[in-house]
Every structure is written in structure tokens, then in C-alpha cells.
Amino acid sequence: MVSQSCSTLLLLVLMQGSVSAQAPGSEEFFEQKIRPVLVQHCYSCHSAEAKEKKKLKGGLYLDVAEGLLTGGDTGAAIVKGKAAESLLIKALKYDGVEMPPSGKLPDTVIADFTAWIDAGAIDPRKGDQPVKPVRVIDLVEGRKFWSFQPLQAAVPPEVKNTAWARTPLDRFLSAKQEERGLGPNAPVSREKLIRRAYFDLIGLPPTPEQVDAFLKDETPQAFEKVVDSLLDSQHYGERWARHWLDVVRFAESGGYEFDGFRPGAYHYRDWVIKSFNADLPYNEFIRMNLAGDKLQPGYVGAAASGFLVAGPYPGQITAKTVERIRYDQLDDMLMTVGGSMLGLTLGCVRCHDHKYDPLPQQDYYALAATLAQTSHGPITLDPDPAATQAAIEQHARDHEVQLAAWRDFAAKELPARFTKWQQESLPKIDVDPRWQILDALTVTTEDTWLNTAEDGLVVFAGPRRKDGDKYIVTAQTWQQKLTALRLDALTYKSLPSKGPGLSGNGSFALGDFKVIAKPLDPQSKEAHITLKLRPVLAAFEEMSQPLKNAVDDNPGTFWRANADGGKDNAGVFEIEGGLPGFAGGTSLTFELKLADAGLGRFRIAITKEPGTPTWAGEIGTQHLGEIKAILAANNNTLPEALRDPTVRWFSKFDDVAQKVRLAVDTHARAKPRPPQVEVYTTVAGGQDVFLLRRGEVDNKAGKATPGVLQVLSRTGEPPAATAAATPQPAPVDPRVSLANWMTDVDHGAGPLLARIIVNRLWQHHFGEGLVSTPNDFGAQGDRPSHPELLDWLAGELIKGGWKLKPIHRLMMQSAAYQQANVVTPENTKLDPANRLLWHFNPQRMEAEIIRDSLLAVGGSLDRSMYGPSILDNIPRRSVYLRVKRSELIPFMTVFDAPEPTQSIGERIGTTVPTQALTMLNSPFVRQQAEKLAARIKPAADKPLAEAIDNGYRIAFGRMPIESERQRMLAFVEAQKTLLGAAPNAVDLALTEFCHVLLCLNEFVYVD
């Protein structure tokens, strides 16, 4: 039907008053309010007439009642009685879908449609909607697709050209070539071969010395030794980690508008490099990617699990968007798992069954449910717990030596020295401080680090990682009848605003202050005592956060004084009923729970003065008080059993005792602490996952339960029960189950996983994979050029314990890899795309390798490994460059480095003028040309031709042919002539020559 005329629309407007009384549930309401809008705005794209004109959109018919109920490709257009759940209303409101596309209809029209649907959507129109073929996924049939089948037992075929084949894989290639009448190339020159190997395995050019050594080695094993040495190189992991980081969309920021940086994300990159260098079996590598934090809790597992959370994530989330963003994050994880490990486009299944592959929507949400409780964020961990523990144990052994010296002094020298002091000096000491500062013997925290210091000080050693902490300080006393405590919070220049607290304004928030007293004598059966404290005085307190809040047993209150920033603060607490003390000495444990910012520098003092405590009186250490208490309790003598502790108290008055005590205390304070690093990884969190109709968060169809892809599961048994590589406690974590299934060759995705990775190795060695769509092994992807060879390689990988390095060796030892790149018209006509690999495919280096090569030939490359990312002005390898999604490095993007928003199985390769212009005009390239010129500058008694030769050897790994040498000599001489009498004319001319070398195709291509 055609659009109504203007007169019809005018008539409808004029009739508005006469139909307003019609109920939304009546046929009249439909005829007056609904049908005309459908006719005018919808039939042109959603009707039988539209289908005849080949303009039907989305398979949706709105010209018959049944069409609204059946819907189109995305499901039913309306749900009777539920306008809020109807896709038609969302489309009219432009909520995710915008219909009609010509412009949003008036709110009054949308209100009419809403009322009509809520009233039951009465629709008198008759007629049958054209029957749409319904696709039903047949899993049995689907499993017959080539990539979903178990590995086939392929056998290298017999071939005519037996002399050419160096390895079994050559026979697979030769058989295909012979079928098409193709002949392979002869071997490539040895100079090109070693350059090819170096760039393939470590991404760096061979030095002239390495080339010479290879050329001089005439043994049959010469190239094999080169390959082995490169696989053993630490740079191998850097080279092949870069390939993997593309596949897993690795970056160090969240993307979107804020693109917040993730300082701890680099640990995943480092873990990948180390894993490749160690030749971690690929199945274990995958398990760690999926569930490292569960399989190996600690730093290594957390670093590995960074795979899951390396994707983009918004920096600003509201209550309205949190659930939608969570499903987007799950989709990012699943698309990456699908592309990197399974070669499947799982993202297509979020809204509906896959259109081409046997992947029902329920499988997508089953996989999503395995990740339901997986969130993301930074955690702080010790990167090497074993080394830390070894250091702690060594410190304990060394400390025992210090304690032995303490005990030796106490037994042999202390008695005489103490007796002499007691008789000659003690009577002359008449100052008895009212407040005695306790010696802090130990201090522990939940979050940060504190140190003890002289005169009872406890000081912040950092770092502060979170708000709120718990400090526990221990001290000892032999004094009795304690009446009050004093907590001094002290300022210091290195604290925020000079402290005494750790907040930005120097304040602290003490939420709870408890003191527990117990006997020092381990044989004593006297009960521990929790002191009842009454707040008496505070130097500073806020009216709403007074001192009393610290002892009210209410975790929601605290003592704080913003006004104390930059000023010493203190609080005095009376011990209700006093503390009589224990006969054999008292151990005091102080618990300070911080509600927010902690204390940066503090000490604790005691007093025995009766009455209400005040600030009055001297303040000193507890040493004199302890000696007097010990003597008073033991008839003015020092018992043998108390000599050891008395060394501490006596050290205040005796130089030798002080030296012994300082040695012990100083060594104790130097106890090794775990080096804590921030790792961006998976953390507990998330929420239940529901199957979403059409992928809409507001259209849930029941809670999803963890599961896997049915088409790749060939047994009814749970995958974890058959695939677990190590014993696991029951129940198995869903991500561990997923990891088990992913690597299970007999019952899970193992065969496909093996095919995917050997294809990636082939792709990077030969320029194109046996399957040319490395991230899509489904129906829309390309079929393998050599299916038997692909399965044979996958089988070899599994038989070899999933080790990747033997597969590298196998490929690189082949005649196919070592052949030249000579293109003949005859072969080109038979196989123009070289899918049968009758010649080697030259490859342009990736952006990172071009940069690394420039640094290498310039002699600038810093080969240090691992650690936080770098800016592009740092001459380290490019795998360590900072990857911030909103600040991509121009040099990298010019040479096709991808934007890390999704899994990239194969980089695009462009040839555009900006690449040549970059090499010509980049200050970085010019700088490396200057450095190369300095390397090759000949001595005064050496000919200029020697410099030309050295430039070619460093840049290309070969000597120039005579015509090249003569041309470049002429070029250098011409440059010198242009420069005239300039004192550095030779240097500048050589720089121009080196710059020309770096701009040649040969520098950025591997042949």
C-alpha cells in the first residue's frame, strides 16, 4: 500500500475529538489510532508489498495481525498486555532501535501504541504471514563440520619429488603441488635464510658476526644450531608474545572516554614472555589464561589471568548502566576466548543463535555463566614468594646469632656491670618520669608497613594501599598498678601535611583502641584481661568525632581532628579499676583499628600516678621504671631468670648493653618484607548471568548455568571430570572446568585448540595460515589449504606434550621454509595466491620489529627485559611500549599496528605513502641513521668502500654487490661535494648513505 495523502492526515486530526472516547481495547481504537500509523510509516518496509518490491526489512510483516506476534529476525514485535516488553514500543521510543528511520513519531502516537498493547492489542486484520524458514541447529550434523571433528590420523603421503622433502610436512605440500603440476623453489641463499630465521624467532637482525659464523659452518646441522640458539634466546619470548598480545587485545588502559590507565596490567605481558621462553606447554598456557588465579593462587596465577580482563571497560558507570556494561564486559571476554582459542565468532551469539555455525544462544550464556563471578581490578601481591621466604629464613638464622650474643652478654658481663651501676649510679637518679614511653617490641598491620624506632616510636614505612587498617603493637612491663595510658600522635616532615595522620590534610581516624594484658610467664594460667578504658583528655578532637568514639565499641564511629594537621595530637585514657599487673611481668597488646587514614608516627605511654590523669609531669622512657620494679620484687637483686630482659632496660644506662641491644633491634627492624606489586587481574565480584532475549538486559529468559559449547563436547560426562590435568577439590570452579574442557583432546575443545595454534605458528612463519582466517574456523571462515597437514601438525603438537618450540623447529627445518622467493609465470598461472606454497612469501615487518631493527642497527637497543611499560623515547624493545587505547603511538599506527579493542588474528598490511615519508622524515629514523654512520665510519687509513660494506652487512646481513657498492660510493662522494668544506662532511655524507639504507624496502621486508 502507498502512503496516505495530506487530506487523509488532516481528516485524522479533525476526527481526534470524536474517537477520543474509544477504548484502547476496541477495534475502533485500532482502526483510528493504530492502523493509519502502520500504513503511513511501516508498510513500505514491513509488508507483503514490500517483499514483492524486495524492500522487506528484518523479515518483519506489520500488515497482518499475525506478523506483529510472530515478529521478524529479532523476535516478536509485541507482547500482548506488556507494552514495556514489546520491541515495537522500544523502536518507536528510539530505545536501542530507531523506527521509523525517517524520524521519531510524536509522543502522543507512542502513547496510543502503548495503551493499545497494554489493552491486549486488538487487531481485526486477517491474513496469513508468509512462512519464514526456521533454522534449527542440528548438533549431530554440526559436529561433522571439518573443524569440529576429532583430529584425523594423517600420514605424510608418498610423493615423486622425494629429494626435495626435508621433513614429513614437506611431503604434504609436495603432494598438493604435484597434483597441480607445480614445482617448488630452490633453497634460498644462506644470508637470507639466517636473516629470515632471526626475524621470525626473535624479531631482531643478525649481527655481521652471527652471519659470518653461520656461513663458515659447513656442517649439515648448521641451520639447526641457529634455530636452537634462537629458540633458547630470551628474545624469543618477546617476539612471540607480541603475536599473542594482538590476539588477546592486550592494552594497559580501559578505553572509552576516560581511558583510565592500568599500572599493573603489564604483568600479563611479562608472564606471556616468560611462558613462551620457558616453553610452557600450550594447553597449560591456555588453562592459566582462563583460570590462573584459581589454579595457582598468587602472583603468577594473577598475572596469567590478566588475559580475561585486558579488554576495554568504561571509566564511569552509573546504577542504570552497571548491568549493561557488565554484559558488555562478558561479551568482550567471550569474543576474545572465541577468537583466540576456538577460532569462532562467539560475539554473534549474544542476541540470537549463530546464523552459520551450530552455536545456540544458550551455549553463549552458558559460557558467560562460567565467568559470572569474575570481575576485574588491581590487587597487590609478592612477585616471588619463594625468594621472600628464603630471605626471611636467612634473616631468622642471622638473628639467632645476634640473640646468642645478647644472651652471652646477659650471662657473663651483665651481673657485674649491673651491680656496679646499681651501687654507684642508681642512687643518684632522682628523676622518676610520670609518663613512661613503652618500648614497642613488635608491630604488625593488615595493609601497610610500620617500623619500630628508638624511644618507643612507631613510624609509617608505607605504602598505604587502602583506607582503613589495623595496627597491633606489643610491649612488656614488670611494673604494677598502672592507672592510665597515653597515645601520642606525632608530626613529621615526610608525612602528608606533616601528619600526624596519613590523610591529605594530615589527620587520622582512629575507630577502635583496645588493650589486652596477659602474663609474660608462659606457665601462668591467669586469664587475659581486656582493659576498660575511659577517655579523659584529647589535645584535638572534632565535636562530631570526639576521643570517646575510639573506645565505644562502635565500628561506625571514630576519633578525628582535622585541625590537628601539622600539629602533635594525643589522647589520654584512664584504666578503669587500674591494671594490677602479673607477678612475672605483663605483656601488653595494643590494637588500633583505623576507620580511614592511619597514623604515620606515634607512641604509647603508661603511668602509675593515682587519681585522674592529666598532661602534667615528666615524660620519659620506661627503662628506669622497669629496673626499679624488678629490684623491688626481688629483694633489691637481679634474678638470673630476668637477666635477658634486663639487658634492654639497662641499655639506657650502659654503653656496652646499649651496643648489644642496638645490634639486635636494628637487625630485627631489617627483617625482609615481601616486595608488593600491583597486578591488574581477575578479582571476586560480578553477578548472576541470565539468558537475554535478543541480547537485551531488560528481557531476561531465566538464569544461565555454567556450561560449554555443545558442538565441541563429545560425551555426556562433565568435561572437568574427564579433563582435569591435576586433582581438583569438588565442586570445581566454573572457570577451572572451562579450562579443563578447553584443553581436553578426547571430550572437549582440545582438537580445535591445537589446530588454531599450529595454524598461527604456520601463519607467522610462512606469511599466511593453512587456514587463512586464523580467528574464524567456522562456516564463514576459509577452508584449510592442506587439511591433512593441519591435523598432522596438531597431532604432533599434542604428542609432543603441547610444546611449541618443537613445532617451530619442524616448520623451519622444512624445505618449504628454506626455499627462495622466485616467482615464475607458469606457477603463478596455476596458483596465483601461492596457497600451495611453491615459493616463500616475503613479509613486511610489523611496526614493532621495524622500530626494534632501527634501534638494533643503530647500536641503541636496550635489551633489558620486563617491568612497567615505557614511552616511545626509551630505546627498549617495542613489546614494552605503553599501550594506552586513546594514545596510540603514531609510528606504530603508520605501520599498521592495530587498535587493541578486540582480538586481532592477522594484522592488515598496507603500502601507503605515509610509510615512506615517515622513514624519510622521522627524527627517530634520522637519529638511528646517524648512529649507524658512527658505527661504520672508517679509520683514516681505511677505504670508504669498507664503510659501504659494513653498512650493508649491519642493515641487511649481506655484502653489497659491486654495482650497489659503486652506486653508493658515488652517492657518498656526491654528498661530500654538496657539503663542500664542512669539517664534518664525511660524517654527514655517511649519515645520508645510512638513511638511504634504512629507507630501502629490503630493510623492512623479510625475504
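**Exercise 1. Arg694 and its loop**

Is Arg694 buried or exposed, and what is its relative accessible area?

*Solution.* Start with accessibility. Arg694 is buried, at a relative accessible area of 16%. Buried means under 20% relative accessible area, exposed over 50%, and partly exposed in between (1.4 Å probe, protein chains only). Next, place the residue. Arg694 sits in the loop between strand E16 (690-692) and strand E17 (700-703). Strands (E, at least two residues) and helices (H or I, at least four) are DSSP runs, numbered from the N terminus. Last, check the backbone. Phi of Arg694 is positive, about 55°, although the residue is not a glycine.

A note on the model: it is predicted, so local features need pLDDT of at least 70, side-chain atom pairs count only at pLDDT 80 or more, and totals for chains, interfaces and linings use all residues. Residues are numbered from 1 along each chain as its sequence is written, and side-chain values use heavy atoms, with hydrogens and water left out.

**Exercise 2. Backbone exceptions**

Find the cis peptide bond that ends at Pro500, and state where Pro500 lies.

*Solution.* Recall the background first. Most residues other than glycine have a negative phi, and most peptide bonds are trans. Now look at the bond from Gly499 to Pro500: it is cis, with omega near 10°. Pro500 lies in the loop between E7 and strand E8 (510-519). Lys498 is found in the loop between E7 and E8 too. Lys498 has a positive phi of about 70° and is not a glycine. Then go to Met99 and Pro100. A cis peptide bond joins them, with omega about -5°. Pro100 belongs to the loop between helix H6 (87-92) and helix H7 (107-118).

**Exercise 3. Strand E13**

How many residues of strand E13 are buried?

*Solution.* Count along residues 601-607: 7 of the 7 are buried, so E13 is largely enclosed by the rest of the structure. Check each face. Arg601, Arg603, Ala605 and Thr607 are buried on one side, and Phe602, Ile604 and Ile606 on the other. Then list pairing partners; two strands pair if DSSP finds at least two bridges between them.

- Strand E2 (residues 435-437) runs antiparallel to E13, with 2 bridges. Gln436 has Ile606 as its bridge partner.
- Strand E5 (residues 458-460) is antiparallel to E13 over 2 bridges. Val458 is bridged to Phe602.
- Strand E7 (residues 482-489) is joined to E13 by 6 bridges, also antiparallel. Leu487 is bridged to Ile604.

**Exercise 4. Asp332**

Which residue's side chain makes a polar contact with that of Asp332?

*Solution.* Locate Asp332 in helix H17 (residues 322-342). Asp332 is buried, with a relative accessible area of 10%. Its side chain joins that of Arg249 through a polar contact of 2.8 Å. A polar contact is a pair of N or O atoms within 3.5 Å; within protein, one must be able to donate a hydrogen and the other to accept it, and residues adjacent in sequence count only if both atoms are side-chain atoms. Now widen the search. Leaving out residues up to four places away in sequence, Asp332 touches Arg249, Leu308, Gly311, Pro312 and Thr901. Contact means heavy atoms within 4.5 Å.
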